[in-house]
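User: Could you take a close look at the salt bridges in this one for me? I'd like to know where the partners sit and how open they are.

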Amino acid sequence: GQFGNRGECGETKDYTSLLARIQEGSVWRFRLVANPTYCVKKGEGRGKVRAHTVAGRQLEWLERQSGKKGFRLLPDSVGILESDWKVFPKQDGKQKVWMLAVAYEGRLQVENAELFKEALVGGIGREKAYGLGLLTVAGSGGLNGK
């Protein structure tokens with residue numbers, strides 16, 4: 001499905017206007033394509049980053065991110081649209097990078113406007129260089145505060 005209604009224009013042209021409307025308590029429909037991961041550490045040194053491949057874990061990851069990014073997910077409103085492995089060539093052209101792209105959609109409520117604005121501008125999670133982590137929002141369609 002399309003995000004938004006037919007004939008409805010997005011607000012990409014004037015992002016400043018959108019950011020100005022972000023305030024504590026406001027409710028938004030959202031879409032996020034992210035790379036939900038966790039770290040497996042064995043002994044000393046850096047751990048290995050692994051993708052959450054189970055839907056329940058992918059939703060838990062988003063719930064944890066929401067607390068850090070100034071919003072809360074509205075109960076029974078969030079779903080996973082798709083979960084696909086993406087493959088990109090590394091810069092050397094010889095090896096490939098595999099990452100899991102999970103598309104979430106639902107409704108959220110802003111709890112900390114400044115943190116939430118940072119998430120809108122800076123993204124959420126890993127692999128932003130590959131276009132993942134972009135959070136987009138649209139008006140709640142009259143559902144504010146409900």
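Analyst: Quick bit of vocabulary before we dig in: buried means under 20% relative accessible area, exposed means over 50%, and partly exposed is what lies in between. By that yardstick glutamate 105, at 24% relative accessibility, is partly exposed. Keep in mind that this is a predicted model.

Glutamate 105 is a good place to start, since its side chain meets that of arginine 31 in a salt bridge, with 2.3 Å from N to O. Arginine 31 belongs to strand 1 (residues 27-34) and glutamate 105 to strand 6 (residues 96-110), so this pair ties together parts that are 74 residues apart in sequence. Arginine 31 is partly exposed too, with a relative accessible area of 21%.

The structure holds 4 salt bridges, so let's go through a couple of others. Arginine 72 pairs with glutamate 111 through their side chains, at 3.9 Å from N to O. Here arginine 72 comes from strand 4 (residues 71-73), while glutamate 111 lies in the loop between strand 6 and helix 3 (113-122), so the link ties together parts 39 residues apart in sequence. Arginine 72 is partly exposed, at 30% relative accessibility.

Then there's a pair inside helix 3: glutamate 114 and lysine 117 are 3 residues apart there, which means about one helical turn separates them. Their closest N and O atoms are 3.8 Å apart, and the two form a salt bridge. Glutamate 114 has 49% relative accessibility and counts as partly exposed; lysine 117, at 22%, is also partly exposed.

How values were computed. Residues numbered from 1 in each chain as written. Predicted model: local features only at pLDDT ≥ 70, side-chain atom pairs only at ≥ 80, totals over all residues. Heavy atoms only, no water. Helix = DSSP H or I, 4+ residues; strand = E, 2+ residues; numbered from the N terminus. Buried < 20%, exposed > 50% of the residue type's maximum accessible area, 1.4 Å probe, protein only.
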